[in-house]
Amino acid sequence: MTDARVLLDTTVSTTDEMGVLGARLARVLRAGDLVVLTGPLGAGKTTLTRGLGAALGARGQVSSPTFVLARTHPTTTGPDLVHVDAYRLSDPVELDDLDLDWDASVVVVEWGRGFVDGIADSILDVEIVRATGADAPDGDVDDLDPDDVPDEPRRVIVTATGPRWADVTL
C-alpha cells in the first residue's frame with residue numbers, strides 16, 4: 001500500500017455544508033471505491049453520505065443503517081451506493097459476512113476503521129472531528145438521533161491511501 005496523503009483538511013460549519021462536501025467527494029468516486037467515515041455520534045457521517053448519495057443520484061432516502069447494518073441505494077447513472085454502519089459489529093469478519101459488492105459499488109462505511117483492513121488496496125478515509133462530541137439530553141448517546149444535532153464547526157480531514165488516489169485532487 002502506498003503512503004497516505006491528506007487530500008483535504010477543512011472546517012465545515014453547518015449540516016448543509018457537510019452535504020455539499022459529500023457532493024464534492026462524489027465527483028471523484030467510481031465503482032470499487034471504499035470510503036471510511038470516522039467521527040463521534042452526531043459528527044455528520046450520515047449527513048456527508050446523504051450529500052454524496054444525492055450527487056451520485058442514489059434512489060431512496062440515505063439514512064443511517066445502524067440497525068440494518070447496510071443499505072444499497074441504486075443510482076440513476078452509475079454504480080450503486082452501499083452505505084454500511086459498522087458501529088454494532090464486533091469483528092471484521094461480520095463485515096465480510098454482509099456479502100457486499102465491493103467492486104461494482106461505491107461503498108461508504110461509517111465506523112469502519114479497523115474493519116476494512118485488507119478489503120481494498122486503496123481507501124479514502126474521512127475523519128470528522130466534532131469539538132463538543134455527541135451530547136444526548138439524558139446522557140445516553142445510543143438514543144442520539146444523528147439528524148438532530150446542532151450546527152457547529154467540524155474539522156474534516158480526508159486522507160487517501162493506495163494507488164487509486166495517487167493522482168486525485170479535491
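Which residues are linked in a network of salt bridges? Keep that in mind as you tour this predicted model. Side chains of opposite charge can pair when their charged atoms come close. A search of the whole structure finds 5 salt bridges. This tour visits some of them.

**Stop 1: Asp-33 and Arg-164**

Select Asp-33 and Arg-164. They form a salt bridge, with the closest N and O atoms 2.8 Å apart. Now trace the chain between them. Asp-33 sits in the loop between helix H1 (15-26) and strand E2 (34-38). Arg-164 lies in the segment after strand E7 (154-161). The pair is 131 residues apart, so it links distant parts of the chain. Show the surface next. Asp-33 and Arg-164 are both buried.

**Stop 2: Arg-113 and Asp-125**

Move to Arg-113, in the loop between strand E5 (105-110) and E6. Then add Asp-125, in strand E6 (residues 123-130). Their side chains meet in a salt bridge, 2.7 Å from N to O. The two residues are 12 apart along the chain. Buried or exposed: which word fits Asp-125? Asp-125 counts as buried because its relative accessibility is 14%, and the cut-off for buried is under 20%. Arg-113, at 41%, counts as partly exposed.

**Stop 3: Glu-127**

Keep Arg-113 selected and add Glu-127, also in strand E6. The side chains of Glu-127 and Arg-113 meet in a salt bridge of 3.2 Å, N to O. This pair is 14 residues apart. Glu-127 is partly exposed, with a relative accessible area of 28%.

**Last view**

Show Arg-113, Asp-125 and Glu-127 together. These three are the residues linked in a network of salt bridges.

Methods:
Residues numbered from 1 in each chain as written. Predicted model: local features only at pLDDT ≥ 70, side-chain atom pairs only at ≥ 80, totals over all residues. Heavy atoms only, no water. Salt bridge = Lys/Arg side-chain N within 4 Å of Asp/Glu carboxyl O. Helix = DSSP H or I, 4+ residues; strand = E, 2+ residues; numbered from the N terminus. Buried < 20%, exposed > 50% of the residue type's maximum accessible area, 1.4 Å probe, protein only.
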